[in-house]
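Visitor: I would like a close look at a single part of this model. Please take it step by step.

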Amino acid sequence: MSELAPPRILVIDDEPQIHRFLGPALEAAGFTPIRAETGVAGLRLAAERSPAAILLDLGLPDMDGKLLIPRVRGFTAAPIVILSAREQEAEKVAALDAGADDYVEKPFALGELLARLRALLRRAGAAAVEPADAVLRAGPLEVDLAARVARLSGGEPLKLTPREWDLLVALMRGGQGRVITQRQLLLAVWGPAHAEDTQYLRVYVGHLRQKLGGAAYLIRTEPGVGYRFGECTDQA
Amino acid sequence: MLPTMVDEPHRPDPEALLALARREGRGRLKVFLGAAPGVGKTYEMLAGARRRHAGGADVLIGIVETHGRAETQAAVGGLPVLPRARFTYRGQELEEFDLDAALARRPGILLLDELAHTNTPGSRHPKRWQDVEELREAGVEVWTTMNVQHLESLSEAVARITGVRVTETVPDRVLAEADAVELIDIPPAELIERMRQGRIYRPDQASRALRGFFREGNLTALREMALRRTAERVDADVTGYMRANAIAGPWPAGDRVMALVGADAAAETVVREARRIADALKAPLVAIHVEQPSTAAGPDPGPALLLAERLGATTETVVATDLPSAILREAAARNVSHLVIGRGRPGFWRRLTGRTLSAILLRRATDFTLHLVPMPVAGPRREHQEPRTLPRWIGWAATLLLVVGAIALGYALDGMLSEGALGMVYLVPVVAAAAGFGPAQAGLAAVLCFLAWNYLFLSPRYTLTVASPQEVVGIVVFALVALLLAGTTGGLGRSVRATRARIVGLRRLVEFSRRLGAPGDRGDLVQAVAEEASRIVGGVVCVLLPLLPAPGETAPEPVVRAAVPIDAEPDEAAMAAARWAMANNRAAGRGTDTLPAASWQFRPMRTARGLAGLLGIRREDGAEPLEGEADRALGALLDQAAIALERAELMEERARGEARAETEALRTALLTSLGHDLRTPLTSIRGAIGTLRGAGSALSEATRADLLATAEEETERLSRWIANILDIVRIENRQLHPKRETVDLAEAAEAAAVRATREHGREVALDLDAQAVAHLDPVLLDQILANLLDNALKFSRPAGRVSLRAWRDGPEVAIAVEDDGPGIPREDLHRVFDPFFRATRTDRVAAGSGLGLAICRGLAQAMGGRIAAESPVTADGRGARLTVRFPGL
């Protein structure tokens, strides 16, 4: 996927110090960094340079980072990673709901950021190549969408209720390598009437983890935000 | 279809629902009602209580009078009895129902015989029914007994029938609000038989009773009253139920009864009669008093109005000169259908001319049913003395003197004037007497003057005979003019006096409200209230405010906050009344229904939010109770004081709220600063190190050096930030202890400038005055200067000019740091010293933590100095100047 030219990564942050180390770090990891210090510049560069992914700080001097996301989404599907502070819980969730794909908390470990970035790019590339997989895999788990059968390490089919099945598929489709918010899951599985009923989600995720047994680690909780699905690949 | 007069859709009547709701939470009241003593009320009550006791209910006997009757004694059975309270009052050993013990014990059902009983003096309430009210408020169910003759509205009728006036009465609303009324009824013949057998009174008493009260006719009448009352109550229950449940029924709508409460002895009879009529019609009752400013004040209608209120009427006082018109206007405005008035004792003249109130109303009140109530049988005739400043005889003596003066004047003018004109001279004393003293004196003056004129001047002189018809006409005219003058001038004089008194009262009220409106704390306020109240009452007063209950206590404690005279303080017994008044938001103490034995009276200052405070009043033992104008003035004062106190309290609350909001804002700012200023350098340091470790070999030498520099600079930034935070915390907590020594400002400024130049690589222009010496902490001063210079260098263009000036300015020394940067917007000038205030970063300069100037201000103030910002300072509208001043040496 990257033989032609290094993928461009747009970094939108108003702190020059962040650019000072992210620039060399991204370059060293095989990306081409594009620097933007304001929201307006970021929007322009996102349109002109069509980056493969965008790193976005929510606290910009000229505009709210959250409002930038829908505008970027208007012309590109490139993954967006939020650089946020821990206490900005609501901001983070709102940004993810608005269309961001993942987040890292400041001060973040560089390795983690790069791993997340790679996972997102891989997934974006895969989605472009084969739009609908008949069989989804994650670790020992194998889900055959056509036959509606889920197996662990090729064993007996798991006994799942229709809701649990829907939840598992939603997690595997949306949450592989990125965060999927509680709201997004509730909308996908329960419908808009239950978008706020996070209690349902907790109960069903609990059931699902029980049935997955040894593979329960695949569903990771992001406290206050949502869930992430898949093997743990990104810790540096 | 039911015939209905209700044209709205059937909704539950809110008032009926409210009445039901009011009953909830209160203890139930069950009344055993009888027609006469001996019908078996107490026995029935005890029998019912024993059944409930056997069923497991917590029954307690508060007071049961067995009157030595064996049957009743037996009926007490094994029921627990509350010991009576014993206390001494004026050397006598007394027993009474123990209200506090009952409240503390909180039984399920409390038996309390004789609802109409009058408590022994010194008890909390004068009447037992008031004890019952308090018990019910506390949620205790009470069973009690009562004879129908004790009902307030019936006492007049009972007196008429039996010839015995009952003094122990119970307000009708107590019975009306009872949850259950059980009628104990036996035929009179049977009751008399019991009586003969001595089962009610001892034989000697019994025979006397049988001749007096217990005549069959009396008993039959009383029995009818009891039966009727119970029937009315059942009716009211049904109506109430129907209204609460929105069942349409054919009850009459629109009837309203208005009682006219005059200033005469018949007023209370009128009120009672009106209540009866209203009850019979199931109509609301309004009692109205028309105050006529032109007539001399009669007896106070206050007691009659209070009685009307107790009987459940709404009361109103209106002021008007024309009594019949006022009555008709008020009646029409209130949609009244029945008018109840007293027959009164009109004078002969009025009766003759048909100008009695009843006659006028008969003529004009064509839209109303008119009820005329006769005067009470033996109503005590109240003598009312108009308060006067001078003894009466002075008026008479002065009248005589006036007449003598007129005679002397007549002699002096004799011969110069005609006889008719001399008559005019004699009108002078008549007018003077009328205006100065009253109609009686004017009448005397008129008679004397007429006689003198006739005898001394009219021919034939020195006789009282009248010679010519011309003179007869003259005499008649004189008499008419004199009488007319006496009447109108007297009336005028009275209204002038009344108006003057009113104006004085109003002016005082206005003056007082201005005092209340003036800004001041609550201390000034309560002092003003106490002074004004003392002026109205003419006695010792104090103002008590509630002190919030201490942990473990439930009721607020009244505390004396102002008193006139300054050392007046209620004694412990009076404080009990104050506590009760505060807890119940009602008047208590002397002259009220609660703890009347106390030497003080306490009146609440009520607001919509509850009780603002109490006014305590102590008057001379012989002093008349407060009446009329003074009472109204005191009421107005209490209302105004309550509002003023509430306002003061709200303002204090708001000030506290603002202080809290400020602290809150500081805390929020600190958190935001932590989030940003701590995290950004940490991210940079971690990122730089991560990059170096992860991809160090792939990076160019220059990049590696830059990353290391980043980590270093950001570490420094972090340290500075933490130092700043610690400084601000120390300043905010006043933990700064400057170590002062004599400092040469020029020297300190130069050192700071040199260091700033080294750090920023830019020159600082110096203008230093060697006279500037002060007693300061050199370390803190250096920190101030470093911060100011740092700020100036950061906010100005790289090629811009930053100057530092130190000079002596009168008794002060000053240091100013000036730059030619973008300056500070006018609206931010006063905020730049607030912690965490940041300049907008238009120039893309890395702004600091927003603490620099706050620290400067804190340090300057700690050393007795001050700091000010000015902007713009250059001709082209740029730049800022920050000046610190200290007391010089």
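Guide: Here is a walk through one stretch of chain B, with a second helix pair at the end.

This is a predicted model, in which local features need pLDDT of at least 70, side-chain atom pairs count only at pLDDT 80 or more, and totals for chains, interfaces and linings use all residues. Residues are numbered from 1 along each chain as its sequence is written, and chains are lettered from A and ligands numbered from 1 in the order in which they are written.

Start with the whole chain. Chain B has 26 helices and 24 strands. Helices (H or I, at least four residues) and strands (E, at least two) are DSSP runs, numbered from the N terminus. Of the 889 residues in chain B, 35% are buried (20 or more other C-beta atoms within 10 Å of the residue's own, with C-beta atoms placed from the backbone).

Now the strands. Strand 18 of chain B covers residues 741-744. It pairs with strand 20 of chain B in the antiparallel sense, over four bridges (pairing takes at least two DSSP bridges). E741(B) stands opposite L776(B) of strand 20. Strand 20 of chain B, residues 773-776, has two faces. A774(B) and L776(B) form the covered face. V773(B) and H775(B) form the uncovered one. In a regular strand, side chains alternate between the two faces of the sheet.

Next, the helices. Two packed helices are described by the angle and the distance between their axes. Helix 24 (residues 745-760) and helix 25 (residues 778-795) of chain B have axes that come within 9 Å and cross at roughly 45°. Axes are lines fitted to C-alpha atoms, for helices over the stretch in contact, and angles run from 0 to 180 degrees between N-to-C directions. So helix 24 of chain B is oblique to helix 25 of chain B (under 35 degrees is roughly parallel, over 145 roughly antiparallel, 65 to 115 roughly perpendicular, the rest oblique). Among the residues in the contact are A748(B) and A752(B) of helix 24 and L781(B) and L785(B) of helix 25 (contact means C-beta atoms, placed from the backbone, within 7 Å).

Last, another pair. The axes of helix 11 (residues 267-281) and helix 12 (residues 302-310) of chain B come within 9 Å and cross at roughly 15°. That makes helix 11 of chain B roughly parallel to helix 12 of chain B. Here A267(B), E268(B) and V271(B) meet P303(B), A304(B), L307(B) and A308(B).

Note on methods
Contact = placed C-beta atoms within 7 Å. Buried ≥ 20, exposed ≤ 12 C-beta atoms within 10 Å, placed from the backbone.
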